[in-house]
Amino acid sequence: MQVQLKDEVTHVAFGEALGLALKGHGRVYLEGDLGAGKTTLTRGVLRAYGYQGAVKSPTYTLVEPYELVEQRIYHLDLYRLSDPEELEFIGGRDVLADDALCLIEWPSRGEGWLPAADLRIELSVAGQGRRALLTAGSTFGESVVEALAKQADNMQQEHGVTQWI
């Protein structure tokens, strides 16, 4: 599924819809160049669970946990990881084994150590907005894409790309 996000407001709104479709769990790999909108999408996902605070990429801490009323969400940024085995030392195995929602930026840096993604989202700059390409990696991931596609039925379709409004 491809989604066109025309601006930051739309980007966050799509993140909220994604968060609701994820139902509080799963592993989501967020890919894209610096500035592609991975953390902005994460902000939208967190908004779906009632979090209203600032969201910044955990580039230096590697993991930012969000303990919400009924949900645990882990935001990982592996950009500065020099070896996938470093995930072992920061408690990555516990984080990923938890029945929480894990949003992982730069998953290629953890390749060989990370488990498979339920959903992979590749973000890219597209004009003034962003484009998101969603690929399911599990049955659960397929159900998330289907839930988003149902919401997208009311959205504008152009050349196979959903214009999220």
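This passage describes the overall fold, the salt bridges and the surroundings of helix H2 in a predicted model.

The secondary structure of the protein chain comprises five helices and nine strands. Read from the N terminus, the elements follow the order β-α-β-α-β-β-α-α-β-β-β-α-β-β. The C-alpha trace extends over about 45 × 30 × 30 Å along its principal axes. The radius of gyration of the protein chain is 15 Å. A compact globule of 165 residues would have a value near 15 Å, so the two agree.

Burial and contacts were examined next. Of the 165 residues in the protein chain, 47% are buried. Among contacts with a separation of 6 or more, 65% join residues 24 or more positions apart. The protein chain exposes about 8400 Å². Carbon and sulfur atoms supply 48% of that area. The protein chain carries 15 positive and 24 negative charges. The mean positions of these two sets lie 4 Å apart.

A search of the whole structure for salt bridges returned two. One of them pairs Glu8 with Arg43, with 2.7 Å between the closest N and O atoms. Glu8 belongs to helix H1 (residues 8-22) and Arg43 to helix H2 (residues 38-48), so this pair ties together parts that are 35 residues apart in sequence. Glu8 has a relative accessibility of 47% and therefore counts as partly exposed.

Arg120 and Glu31 also meet through their side chains in a salt bridge, at 2.4 Å from N to O. This pair links distant parts of the chain, 89 residues apart. Arg120 sits in strand E6 (residues 119-126), and Glu31 sits in strand E2 (residues 26-31). Arg120 is partly exposed, because its relative accessibility is 34%.

Helix H2, which contributes Arg43 to the first of these pairs, was then considered as a whole. H2 is mostly covered, with nine of its eleven residues buried. These buried residues are Lys38, Thr39, Thr40, Leu41, Thr42, Gly44, Val45, Leu46 and Arg47. They pack against H1, E2 and E6, as well as strand E3 (63-67), strand E4 (72-77) and strand E5 (101-105). Thus E2 and E6, the strands that hold Glu31 and Arg120, are both among the packing partners of H2. Just after H2, Gly50 adopts a positive phi of about 90°.

Two buried residues of H2 were followed individually. Thr42 lies in helix H2. Thr42 has a relative accessible area of 1%, so this residue counts as buried. Beyond its neighbours within four places in sequence, Thr42 contacts Leu30, Val55, His75, Leu103 and Glu105. Of these, Leu30 falls within strand E2 (residues 26-31). His75 falls within strand E4 (72-77), and Leu103 and Glu105 fall within strand E5 (101-105).

Arg47 is likewise in helix H2. Arg47 is buried yet has no salt bridge. The nearest side chain of opposite charge is that of Glu16, 5.9 Å away. A salt bridge requires the nitrogen and the carboxyl oxygen to be within 4 Å, so a pair at that distance does not qualify. Glu16 is nevertheless in the contact list of Arg47. Residues up to four places away in sequence aside, Arg47 touches Val12, Glu16, Gln52, Gly53 and Val55. Val12 and Glu16 both fall within helix H1 (residues 8-22). Val55 is listed for Arg47 and also for Thr42.

How values were computed
Residues are numbered from 1 along each chain as its sequence is written. This is a predicted model: local features need pLDDT of at least 70, side-chain atom pairs count only at pLDDT 80 or more; totals for chains, interfaces and linings use all residues. Side-chain values use heavy atoms; hydrogens and water are left out. Helices (H or I, at least four residues) and strands (E, at least two) are DSSP runs, numbered from the N terminus. Buried means under 20% relative accessible area, exposed over 50%, partly exposed in between (1.4 Å probe, protein chains only). Contact means heavy atoms within 4.5 Å. The radius of gyration is taken over C-alpha atoms; the globule rule is 2.2 Å times the number of residues to the power 0.38. Accessible areas come from the Shrake-Rupley method with a 1.4 Å probe; for residues, only the protein chains shown count as cover. Lys and Arg count as positive and Asp and Glu as negative; His and the chain ends are not counted. The place of a charge is taken as NZ of Lys, CZ of Arg, CG of Asp or CD of Glu.
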